[in-house]
Amino acid sequence: MRTAMGPEGSLNVDVKAMSEKSKAMIDTIDRHYNAISAIQVSQKYATAKQDYLGGLSDLRMACVDLSKVQDAGSFGALGYLSTATPWLEKSQEKRERVKGIMGK
């Protein structure tokens with residue numbers, strides 16, 4: 001994905017590339033989710049596993065929204081970007097919790 005600074009510091013993003021990469025990520029996320037779901041963990045790591053799976057689900061939701069940006073008009077694209085942001089933030093929060101549980 002390419003980004004460039006536009007006039008007065010605005011950010012221009014290659015929306016087509018972002019959308020295509022997001023579509024590809026959905027399949028990857030689904031494969032990882034299924035693989036991790038099948039792993040048996042001790043009670044000590046059960047919360048981390050659930051948080052990680054929740055983070056993957058949130059990331060998937062963001063990718064679904066971002067994959068639709070390419071086909072939306074300007075205002076529609078802005079809407080999809082706006083709805084993807086909270087999913088990305090939630091996913092990051094869960095990732096940080098898992099890192100804390102795992103001691104990394």
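Helices, as runs of at least four residues, and strands, as runs of at least two, are taken from DSSP and numbered from the N terminus. On that basis the chain reads β-β-α-α-α along its sequence, with 3 helices and 2 strands in total. The model is predicted, and the mean pLDDT of the chain is 84, with 86% of its residues at 70 or more. The points below take up confidence, overall burial, the helices and the salt bridges in turn.

**Confidence along the chain**

- Among the elements of the chain, helix α2, covering residues 43-67, has the highest mean pLDDT, at 93, whereas strand β1, covering residues 3-5, has the lowest, at 44.
- Over residues 1-7 the pLDDT is below 50, although in the model this stretch still has 17 contacts beyond near neighbours in sequence.

**Surface, burial and contacts of the whole chain**

- Of the 104 residues in the chain, 27% are buried.
- The chain exposes about 7100 Å², and carbon and sulfur atoms supply 57% of that area.
- When contacts with a sequence separation of 6 or more are considered, 59% of them involve residues that are 24 or more positions apart.

**Helix α1 and its surroundings**

- Helix α1 has 23 residues, which at 1.5 Å a residue should span 33 Å, and the computed distance of 32 Å between its end C-alpha atoms agrees with that expectation.
- The buried residues of α1 are Ala17, Met18, Ser19, Ser22, Ile26, Ile29 and Ile36.
- As background to such a list, an α-helix has 3.6 residues a turn, so residues three or four places apart point the same way.
- Lys21, which also lies in helix α1, counts as exposed because its relative accessibility is 54%, above the 50% cut-off for that class.
- The C-alpha atoms of Lys21 and Cys63 are 8.6 Å apart in space, while the two residues are 42 residues apart in sequence.
- Ser67 lies in helix α2 and counts as buried, at 8% relative accessibility.
- Leaving aside neighbours within four places in sequence, Ser67 is in contact with Ser19, Ser22, Lys23 and Ile26; of these partners, Ser19, Ser22 and Ile26 are among the buried residues of α1.

**Asp51 in helix α2**

- Asp51 is found in helix α2, where its relative accessibility of 14% places this acidic residue in the buried class.
- Not counting residues up to four places away in sequence, Asp51 touches Lys94, Arg97, Val98 and Ile101.
- For one of these partners, Lys94, the C-alpha atom is separated from that of Asp51 by 5.6 Å, although the two residues are 43 residues apart along the chain.

**Salt bridges between helices**

- A search of the whole structure finds 5 salt bridges, including the two described in this group.
- Asp30 forms a salt bridge with Arg60, with 2.6 Å between the closest N and O atoms.
- Because Asp30 lies in helix α1 (residues 15-37) and Arg60 in helix α2, this pair ties together parts that are 30 residues apart in sequence.
- Both partners count as partly exposed, Asp30 at 28% relative accessibility and Arg60 at 29%.
- Asp58 forms a salt bridge with Lys94, and here the closest N and O atoms are 2.8 Å apart.
- This second pair links distant parts of the chain, since Asp58 is in helix α2 and Lys94 in helix α3 (residues 74-102), 36 residues apart.
- Asp58 is buried, with a relative accessible area of 6%, and Lys94 is also buried, with a relative accessible area of 19%, just under the 20% cut-off.

**A salt-bridge network**

- Arg95, Glu96 and Lys99 are linked in a network of salt bridges.
- Within this network, the side chains of Glu96 and Arg95 meet at a distance of 3.2 Å, N to O.
- Glu96 counts as partly exposed at 38% relative accessibility, and Arg95 is likewise partly exposed, with a relative accessible area of 45%.

Definitions and conventions. Residues are numbered from 1 along each chain as its sequence is written. This is a predicted model: local features need pLDDT of at least 70, side-chain atom pairs count only at pLDDT 80 or more; totals for chains, interfaces and linings use all residues. Side-chain values use heavy atoms; hydrogens and water are left out. pLDDT is the predictor's confidence in each residue, from 0 to 100. Contact means heavy atoms within 4.5 Å. A salt bridge is a side-chain nitrogen of Lys or Arg within 4 Å of a carboxyl oxygen of Asp or Glu. Buried means under 20% relative accessible area, exposed over 50%, partly exposed in between (1.4 Å probe, protein chains only). The expected span of a helix is 1.5 Å times one less than its number of residues. Accessible areas come from the Shrake-Rupley method with a 1.4 Å probe; for residues, only the protein chains shown count as cover.
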